[in-house]
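Reader: I've got a chain open on my screen and a coffee in hand. Can you take me through it question by question?

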Amino acid sequence: MARNAPPRWDRKMQQRLARGEAAALGELYDRFAALVHSQAHRMLDDETAADLVTREVFGYVWENPDAYDPKQGSMRSWVARLTHRQSVRRLREEADSLQDGTGERSGAASPAGLEDRVRRATTAARADYIVTSMPAPLRAALELAYVQRRDYRQTAADLGVTEDEARRRLRLGLQLLSTAHTRPLEGSSPPGYGRSL
């Protein structure tokens, strides 16, 4: 398989969606709905808005399956980008609707406040995505160390690995997580992902 070729599941899913197979949309929803909803909820901090973004993202995918460009990455990444873009659009709409009668924006609804909120939400959503997509051994080490508050020795014992291996997994996991802060904010649509979403 060529280096940039999408996974077989992604190609087949796009073909099935392009043929209008409702079962394909159901399968896609089952696979990615939790990702979409959690990312939207993290960014918007509103359950109803996250539900709406989830419906909008899957509606867009259903109506525009050819908008997915395998050269731009996996279908999972595409769906995550669509979610991010739609969530940012909702945040901006919310800021516009909070404008007071004088035309001045207040507090978090100011352009700087909005961009800061988008940046923080984007970083948090990226961190969530990185954790869920990192290799299971790294994720398990991070969960033991940072969720269950185990030190590296206890983490090694719980995982059944050497202390050096536990430290290595923790270091690699943290290095991956650190990229959540260094990635540029995706404000514009990459080629092939234009359209309305």
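Reader: How far apart in helix H4 are Arg 90 and Glu 93, in helical turns?
Author: This is a predicted model, so keep that in mind throughout. Arg 90 and Glu 93 both sit in helix H4 and are three residues apart. Because of that spacing, the separation comes to about one helical turn.

Reader: And what is the distance between the closest N and O atoms of Arg 90 and Glu 93?
Author: Side chains of opposite charge can pair when their charged atoms come close. For a salt bridge the cut-off is within 4 Å. Arg 90 and Glu 93 do form one, with their closest N and O atoms 3.6 Å apart.

Reader: Is Arg 90 buried or exposed?
Author: Its partner Glu 93 is partly exposed, at 35% relative accessible area. Buried means under 20%. Arg 90 has a relative accessibility of 18%, so it counts as buried.

Reader: Which helices hold Glu 163 and Arg 153?
Author: These two side chains meet in a salt bridge, 3.9 Å from N to O. Both ends count as partly exposed, Glu 163 at 35% relative accessibility and Arg 153 at 47%. The pair ties together parts that are 10 residues apart in sequence, because Glu 163 lies in helix H8 (residues 163-182) and Arg 153 in helix H7.

Reader: Which residues do salt bridges with shared partners join into one network?
Author: A search of the whole structure turns up 12 salt bridges. One of them links Arg 19 to Glu 21, with the closest N and O atoms 2.8 Å apart; Arg 19 counts as exposed at 56% relative accessibility, while Glu 21 counts as partly exposed at 27%. Through shared partners, the network takes in Arg 16, Arg 19, Glu 21 and Glu 27.

Reader: Which element gives the largest share of the largest nonpolar core?
Author: In soluble globular proteins, nonpolar side chains tend to be buried together. The largest nonpolar core here has 34 residues, and those with the most contacts inside it are Met 13, Leu 28, Phe 32, Met 75, Trp 78 and Val 79. Two or more residues come from each of helix H1 (8-18), helix H2 (22-44), H3, helix H4 (75-97) and helix H5 (111-133). The largest share, nine residues, is from H2.

Reader: How many helices does the chain have?
Author: Going from the N terminus, the elements run α-α-α-α-α-α-α-α. There are zero strands, and the helix count is eight.

Reader: Which residues form the negative surface patch?
Author: Asp 45 sits in the loop between H2 and H3 and is exposed, with a relative accessible area of 62%. Asp 51 is in helix H3 (residues 47-63) and counts as partly exposed at 30% relative accessibility. The patch is made up of Asp 45, Asp 46, Glu 47 and Asp 51.

Reader: What is phi of Arg 149 near?
Author: Arg 149 is in the loop between helix H6 (136-147) and helix H7 (152-159), and it is exposed, at 67% relative accessible area. Asp 45 has a positive phi, near 55°, in a residue other than glycine. Arg 149 also isn't glycine, and its phi is positive, near 60°.

Reader: How far apart in space, C-alpha to C-alpha, are Ile 130 and Ser 178?
Author: Ile 130 lies in helix H5 and is buried, with a relative accessible area of 8%. In sequence, Ile 130 and Ser 178 are 48 residues apart. In space, C-alpha to C-alpha, they are apart by 9.7 Å.

Methods: Residues are numbered from 1 along each chain as its sequence is written. This is a predicted model: local features need pLDDT of at least 70, side-chain atom pairs count only at pLDDT 80 or more; totals for chains, interfaces and linings use all residues. Side-chain values use heavy atoms; hydrogens and water are left out. Patches are made of residues with over 30% relative accessible area and no salt bridge: like charges are joined within 9 Å, nonpolar side chains (Val, Leu, Ile, Met, Phe, Trp, Tyr) within 5 Å. Accessible areas come from the Shrake-Rupley method with a 1.4 Å probe; for residues, only the protein chains shown count as cover. Lys and Arg count as positive and Asp and Glu as negative; His and the chain ends are not counted. The place of a charge is taken as NZ of Lys, CZ of Arg, CG of Asp or CD of Glu. Helices (H or I, at least four residues) and strands (E, at least two) are DSSP runs, numbered from the N terminus. Buried means under 20% relative accessible area, exposed over 50%, partly exposed in between (1.4 Å probe, protein chains only). A nonpolar core is a set of buried Ala, Val, Leu, Ile, Met, Phe, Trp, Tyr and Cys residues joined through side-chain atoms within 4.5 Å.
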